[in-house]
Amino acid sequence: MNIVMGNIFDYVGKVDALCITTNMMIDRYGNAVMGGGVALSARKLFPGIDRTLGNILQKSYQPYINVIYRSGKTKVLSFPTNADWKNRAIIDLIDKSSYELINMANSNKWTSVVLPKPVIGNGGLDFDREVLP
């Protein structure tokens, strides 16, 4: 694992997968709530990504990683970190999402995956103290 600084969206088209930290909320129009942080940036950059994730969540309200957009060779993935954006992130869910991402990368033979440090903003956790260990 390499930790680098910069804009994760600079990696679109250069990596196999790019993860967007997400919650599991759906608005009254059926769109995923993507109103802050990396999720908001992704919603602005990839038209319809909130609708795609909203449709997935409506079918199965389970915290799974899903391909929610494709841009060239890069698959954009949801990376669930909490159920509701208003609440603190859930460490067990971050662990589950991490293991699921590893399995997806191995089964798809991905060699490059970009994941922002999860939940350091809206999730309310300290990455180095609570998430990384």
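Accessible areas here come from the Shrake-Rupley method with a 1.4 Å probe, and for residues only the protein chains shown count as cover. This is a predicted model, in which local features need pLDDT of at least 70, side-chain atom pairs count only at pLDDT 80 or more, and totals for chains, interfaces and linings use all residues. Residues are numbered from 1 along each chain as its sequence is written, and side-chain values use heavy atoms, with hydrogens and water left out.

**Stop 1: the whole chain**

Select the protein chain and switch on a surface. You're looking at about 7,700 Å² of accessible surface, 51% of it belonging to carbon and sulfur atoms. Of the 133 residues, 41% are buried (under 20% relative accessible area; exposed is over 50%, partly exposed in between, with a 1.4 Å probe and protein chains only).

Now go to cartoon. There are four helices and four strands, in the sequence pattern β-α-α-β-β-α-β-α. Helices (H or I, at least four residues) and strands (E, at least two) are DSSP runs, numbered from the N terminus. If you draw contacts (heavy atoms within 4.5 Å), take those with a separation of 6 or more: 57% of them are between residues 24 or more positions apart.

**Stop 2: the sheet**

Pick out the four strands. They make an open sheet in the order β2-β3-β1-β4, with mixed pairing; two strands pair if DSSP finds at least two bridges between them. β2 (67-71) and β4 (113-114) are the edge strands with a single partner each, so one side of each has no neighbour in the sheet.

Zoom in on β2 and β3 (residues 74-80): the two run antiparallel and four bridges join them. Select S71 and you'll find T74 of β3 opposite.

**Stop 3: two helices across the strands**

Select residues 49-59. That's helix α2, lying across β1 (17-22), β2 and β3, at about 150° to β2. Next, residues 91-108: helix α3 lies across β1, β3 and β4, at about 155° to β3. For these angles, axes are lines fitted to C-alpha atoms, for helices over the stretch in contact, and the angles run from 0 to 180 degrees between N-to-C directions.

**Stop 4: the salt bridges**

How many salt bridges should you look for? The count is two, taking a side-chain nitrogen of Lys or Arg within 4 Å of a carboxyl oxygen of Asp or Glu.

Show K73 and D16 as sticks: their closest N and O atoms are 3.6 Å apart. This pair ties together distant parts of the chain, with K73 in the loop between β2 and β3, D16 in the segment before β1, and their positions 57 residues apart. K73 is partly exposed at 42% relative accessible area, while D16 is buried at 13%.

Then hop to α3 for E100 and K96, with closest N and O atoms 3.2 Å apart. These two are four residues apart in the helix, which means a separation of about one helical turn. Buried or partly exposed, which is K96? K96 counts as partly exposed at 33% relative accessibility; E100 is buried at 18%.

**Stop 5: P116**

Last selection: P116, in the loop between β4 and α4 (127-131). P116 is buried, with 11% relative accessibility. Leaving aside residues up to four places away in sequence, P116 touches I8, C19, T21 and V38. Add G6 and draw a C-alpha to C-alpha distance: G6 and P116 are 9.7 Å apart in space, though 110 residues apart in sequence.
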